[in-house]
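Visitor: I am new to this structure and should like to learn how its features are read. May we take them one at a time?

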Amino acid sequence: MSATILIIDDEPRLRTLLARMLQLEGYLVLEADDARTGLKILERESVQVVICDVKLPDKSGIDLTAQLKELYPATEIILLTAYGTIADGVTAIKNGAFDYITKGDDNDRILPLLSRAVDKANLQFRIQALEQRMNRTHGFGTIIGESTAIRQAVDLARKVAVTDATVLLTGETGTGKEVFAQAIHYGSARSTGPFVAVNCGALGKDILESELFGHRAGAFTGAMRDQKGLFAEADKGTLFLDEIGELPLDLQTKLLRVLETREYLRVGDTKPTKTDVRVIAATNRGLQTEAEAGTFRLDLYYRLSVFTIPLPPLRERPDDVVLLAEQFARQIGAKMGRRNLRIDPGFGRQLQTHTWRGNIRELKNVIERAVILSDPQPDGSVVLTPDLLPFETAMGATASDETALRLSTVEKNHIRRVLRQTAGHKPEAARLLGIGLTTLYRKIDEYGIE
């Protein structure tokens, strides 16, 4: 049975006897004779269950229970007492104890009770590890960038995450609105609840209404059974409404009702359904302008924009481009088994001069293409060089990078790309380039192409 048990008791004889009994059951047992020593052990060891005496030399075991549950919420505590009272038992349970038993009278209960406590603790440790992994994958730590604009956006998101306020994320397509929405969710008290995302522009009006609110059987042709909507799926969690500006006007009215009353009507239903959902919306459109023009409900805009976070386009944060590129290169390279991968300085400079109309999404696609086209060096390393960039990205260079603007450089890079595409088969490369084989050999020699 894999578990670590800490016994805190100032009676050496009883502590040793209990430790021996638990060791025979396969537990790893640690011992402490007071609360202070027990706390030091917990700082360095992962303990599933603490068995603690109520009367300790330096602290009440009941008070220690409350402190332990605050510091180590996944760890379970079983309290032992020589003289149990109902009042102490009630207080112990309120403070978070798994159980409260009397020494001597309840000896037969200890092992089965401990087994149940270990099972509960192991489950809580697994949930805790999963939450930490989700935070690493979707939390604020995943947002890359040191520019002032992105740091300001992250600071705003961190502040609003701990509240339950509705959030509106604005910015161009590809600026990372869903990444921010996930970070806000996993940084909130709702992090253990579901995160559900829907693109309001991807579905027709009737389908979207049913998707959002659900429907009753027989509500329309083909509705053979009751169906839960996304508001029900996201209960106790977060619903992310991407491209909220695409939501039809009549559905905007229903959404406004949900935000104001916390209840909605399923399609074909007459009885409202309660919901406990936080809404985060996102748009790449100027909602205030559209609201003032009457193409978006002004009252809904005011309700959604309780807390607005504008996300900067990539072209306004050029110093972050290389940081993002390096992160994408590591992620994509790891999936392809190319772990020793780096970016050539010229490659980085050309990335910084591009306008990135597709923002982070476009950058990620460019890096993925470059990693696929790259060839490992003799030592196994991979270097992303300017010739791996798409023509339009490479030509985004300015006069400050004169080498990238020379016709000879463009021609050289194009020949290298075609040779890579044909796996070095020169006759086929010459055919694709529309030049003679002799001309190709001459240019390969002239440009020093390997």
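Guide: Let us begin with burial: a residue is buried at under 20% relative accessible area, exposed at over 50%, and partly exposed in between, using a 1.4 Å probe and protein chains only. Helices (H or I, at least four residues) and strands (E, at least two) are DSSP runs, numbered from the N terminus. In strand 5 (residues 99–102), Asp-99 and Ile-101 point one way, Tyr-100 and Thr-102 point the other way, and all are buried.

Visitor: What should I know about the model itself before we go on?

Guide: This is a predicted model, in which local features need pLDDT of at least 70 and side-chain atom pairs count only at pLDDT 80 or more, while totals for chains, interfaces and linings use all residues. Residues are numbered from 1 along each chain as its sequence is written, and side-chain values use heavy atoms, with hydrogens and water left out.

Visitor: Which strand pairs with strand 5, and in what sense?

Guide: Two strands pair if DSSP finds at least two bridges between them. Strand 4 (residues 76–81) pairs with strand 5 in the parallel sense, over four bridges. Within this pairing, Ile-78 stands opposite Asp-99, and Leu-79 has Tyr-100 as its bridge partner.

Visitor: In what order do the five strands of the open sheet with strand 5 run?

Guide: The order is 2-1-3-4-5, with parallel pairing. Strand 2 (28–32) and strand 5 are the edge strands, each pairing on one side only. For angles, axes are lines fitted to C-alpha atoms, for helices over the stretch in contact, and the values run from 0 to 180 degrees between N-to-C directions. On average, neighbouring strands of this sheet are turned by 20° against each other, direction ignored. Contact, in turn, means heavy atoms within 4.5 Å. Helix 1 (residues 12–24) packs on the sheet and touches strand 1 (4–8), strand 2, strand 3 (49–53) and strand 4, its direction making about 165° with that of strand 2.

Visitor: Which strands form the open sheet that includes strand 12?

Guide: Five strands form that open sheet in the order 7-8-11-6-12, and the pairing is parallel. Strand 7 (195–199) and strand 12 (307–310) each have a single partner strand, so one side of each is left without a neighbour in the sheet. Strand 6 (residues 167–170) pairs with strand 12 over four parallel bridges, and Leu-168 has Thr-308 in strand 12 as its bridge partner. Helix 6 (residues 148–161) lies across strand 6, strand 11 (278–283) and strand 12, at about 155° to strand 12.

Visitor: Why is helix 7 described as largely enclosed?

Guide: Eight of the ten residues of helix 7 (residues 177–186) are buried, so the rest of the structure largely encloses this helix. Among them are Phe-180, Ile-184 and Tyr-186. By contrast, Lys-271 is exposed, with a relative accessible area of 61%. Lys-271 lies in the loop between strand 9 (263–264) and strand 10 (273–274).

Visitor: Which residues touch the most other members of the largest nonpolar core?

Guide: A nonpolar core is a set of buried Ala, Val, Leu, Ile, Met, Phe, Trp, Tyr and Cys residues joined through side-chain atoms within 4.5 Å. The largest has 29 residues, of which Leu-212, Phe-231, Leu-239, Leu-241 and Ile-244 touch the most other members. Helix 10 (249–261) is one of the elements giving two or more residues to this core, and helix 10 gives the most, with five residues. Another core, of 22 residues, lies apart from it and includes Leu-324, Phe-328, Phe-347 and Leu-363.

Visitor: How many salt bridges are there?

Guide: Side chains of opposite charge can pair when their charged atoms come close. A salt bridge is a side-chain nitrogen of Lys or Arg within 4 Å of a carboxyl oxygen of Asp or Glu, and the count comes to 18 salt bridges. In one of them, Glu-76 pairs with Lys-120, the closest N and O atoms being 3.8 Å apart. This pair links distant parts of the chain, with Glu-76 in strand 4 and Lys-120 in helix 5 (residues 107–138), 44 residues apart. Glu-76 counts as buried at 2% relative accessibility, whereas Lys-120 counts as partly exposed at 39%.

Visitor: How many disulfides does a search of the whole structure find?

Guide: A disulfide is a pair of cysteine sulfur atoms within 2.5 Å, and the search finds zero. Cys-52 counts as buried at 1% relative accessibility, and Cys-200 counts as buried at 2%.
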